[in-house]
Amino acid sequence: MGAVALYLLLPILVIAGVSLNAKKVLFFPPQGVSLRWYREFFTQADWSAPALRSVVVALLAGVIAVSIAAPLAYVVWRWGTRLSRAVLLLGFAPFALPPVVTALGALVLWIVLRSFGQPYTVVLSHGVFLVTLPLATIMLGFAGLNREVVEAAVTMGATPATVARTVVWPNLRPYVVAGYIFAFVLSLNEYIIAYMTVGFTFETLPVKIFNSLRYGYSPVMAAISLLFFLVAALLFGLVGKVGDLPRLLGADARSD
Amino acid sequence: MSASGGRRGGAAPNLLLAWPAAALLVLFVAPLAVILIVSFFRRVQAAFFEPAAVLDNYAAALAPFYLERLGVSVVLAVAVAAVCLAVGLPFTYLLTRLPRRRQVKYLVLVLASLSLSEVIVAFSWSLMLSRTSGVSNLLVWLGVLDAPRAWSPGLAAVLLALVFVALPLTVLTFYPPVSRLNPELVEAAATLGASPVRAFLSVVVPVLRRAVAGGVALVFIFVLGAYVIPQSLGRPPQWTVPVHITDQAVLKSNLPLAAALAVVLLVVGVVVSAGLLAFGLGRRRVEA
């Protein structure tokens, strides 16, 4: 287990080291220690503008993904109609497609709809591509919801709105939040769909990094990479602190 | 289920389904249909494509050059999926046996690695395997190598980076079934005298066969569709079909050929993963 953890951590350590180089070189261990590359990332518009675009896209794509996943999961849980099960199958399908095919599909679709290159296209395409994540967590949330408690509330005269607010939502909230965070972080890091839909009109940070790789490396990229990793680790760590991470990822309720 | 019209629920369920269904149909199903249609179109200069019903794109996509690329893509994806299975399943199994607090730490690491952009993974592995900042410096320092060497770009770099992105995905797809595994099964095997390794191979692996087949199929398709790593860490011999799809679609503006290549890639992906699933399910039925 330690070997796997090391394998996953080693690139991060090298990135961290390289990002501290005092001069514009990529040495590991670093030569001289400085935080200038972090400063450059936050202050130079050609890095901070794509970063801001990525954050906005990811925030909105997460909303789209949850807005599709939550009602779908609810209908499947509450009524389980045949139609809802068919749509559920569609909701799980995007992850079972080669990523490049998804990206090409988005590219061709937006050309046909004459919206190619518009910033909102990447938001919608990301939202649908990542819908599987909140769908999986919210389905787990409903599965853990005790139907008898819901029925008891109904029997005692609670309206559907009251049931939703006082019984369903409090139990479901961690799963919705976790699903949103998964979608947000993956959208933030997604390259190929962003490249094919808005690669030349609305450069996101992964696209910017990839474009820059062709013209030579800079320690700024290492600084950004480390920040990305830390943001993801922080958010998932937060999920783990607030909620029951093993359970959110599909372990059963039995605890030790 | 007595509230608001019982099991059927009147119009409410369909009303609630309207947006999810519309979004998935327009943004997920329609793009696949459009790819299929465009793959029969003709490429024209000064526009994206013109409607037609020609097989030229498939003739090009199935020419020896692209078939060889397809072979490379499948071999790479199978190799990565095999490594992920061999490493990921024991890792997940050991992970689920840890106390929950320690599980959470590993899970955060796995999730953070999973979410790391393929671009960042490619960048970090190219650093790791470079001459100036890579592990070869460490090996020189240890006396294993005489001088620092560059291993990127090349096959080793592509494999190491692809496993890096695919392994967290493998672990997370294995995690739910493995953590729900009844621990008494393993205990029974141990009571009967099986070593931990033997118990893992003869009890855990067969029971999980179905879930494992599904996870491996998912990873296979994911690697089959990866673009950034083969493109930036590989030399032309390691360039996979996605590299050429992207090249044709974006740089050469030949969307019909890109679409035909995508259809071929999709068919291969579906056939191979259906085979894997049949393997997993078939065995299960025999046992039941």
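Chain A has 13 helices and zero strands, in a model that is predicted. Reading along the sequence, you meet the pattern α-α-α-α-α-α-α-α-α-α-α-α-α. Chain A also touches chain B, through 74 residues on its own side and 79 residues on the side of chain B.

**Overall build of chain A**

- The C-alpha trace of chain A spans about 70 × 50 × 30 Å along its principal axes.
- Of the 256 residues in chain A, 52% are buried.
- If you take the contacts in chain A between residues at least 6 apart in sequence, 71% of them join residues at least 24 apart.

**Helix α3 of chain A and what follows**

- Helix α3 of chain A covers residues 45-78, which is 34 residues.
- How far apart are the end C-alpha atoms of this helix, and what span should its residues give? At 1.5 Å a residue the helix should span 50 Å, and its end C-alpha atoms are 49 Å apart, so the two values agree.
- After α3(A) comes G80(A), a residue with a positive phi near 60°.

**Where chain A meets chain B**

- Contacts between the two chains involve 74 residues of chain A and 79 residues of chain B.
- Which helix gives the largest share of the side of chain A that touches chain B? That is α5(A), with 11 residues.
- Sorted by residue type, this side of chain A holds 59 nonpolar, 12 polar and three charged residues.

**Positive phi outside glycine**

Two loop residues, one in each chain, are worth a look in the viewer.

- R114(A) is not a glycine, yet its phi is positive, at about 55°.
- You will find R114(A) in the loop that links α5 (99-112) to α6 (119-129) in chain A.
- Is R114(A) buried or exposed? R114(A) counts as exposed because it has 7 C-beta neighbours inside 10 Å, and the cut-off for exposed is 12 or fewer.
- S253(B) is likewise a residue other than glycine with a positive phi, here near 50°.
- The loop that holds S253(B) runs between α12 (241-251) and α13 (255-287) of chain B.
- With 15 other C-beta atoms within 10 Å, S253(B) is partly exposed, since that count falls between the limit of 12 or fewer for exposed and that of 20 or more for buried.

How values were computed. Residues are numbered from 1 along each chain as its sequence is written. Chains are lettered from A and ligands numbered from 1 in the order in which they are written. This is a predicted model: local features need pLDDT of at least 70, side-chain atom pairs count only at pLDDT 80 or more; totals for chains, interfaces and linings use all residues. Helices (H or I, at least four residues) and strands (E, at least two) are DSSP runs, numbered from the N terminus. The expected span of a helix is 1.5 Å times one less than its number of residues. Two residues are in contact if their C-beta atoms, placed from the backbone, lie within 7 Å. Ala, Val, Leu, Ile, Met, Phe, Trp, Tyr, Cys and Pro count as nonpolar, Asp, Glu, Lys and Arg as charged, and the others, Gly among them, as polar.
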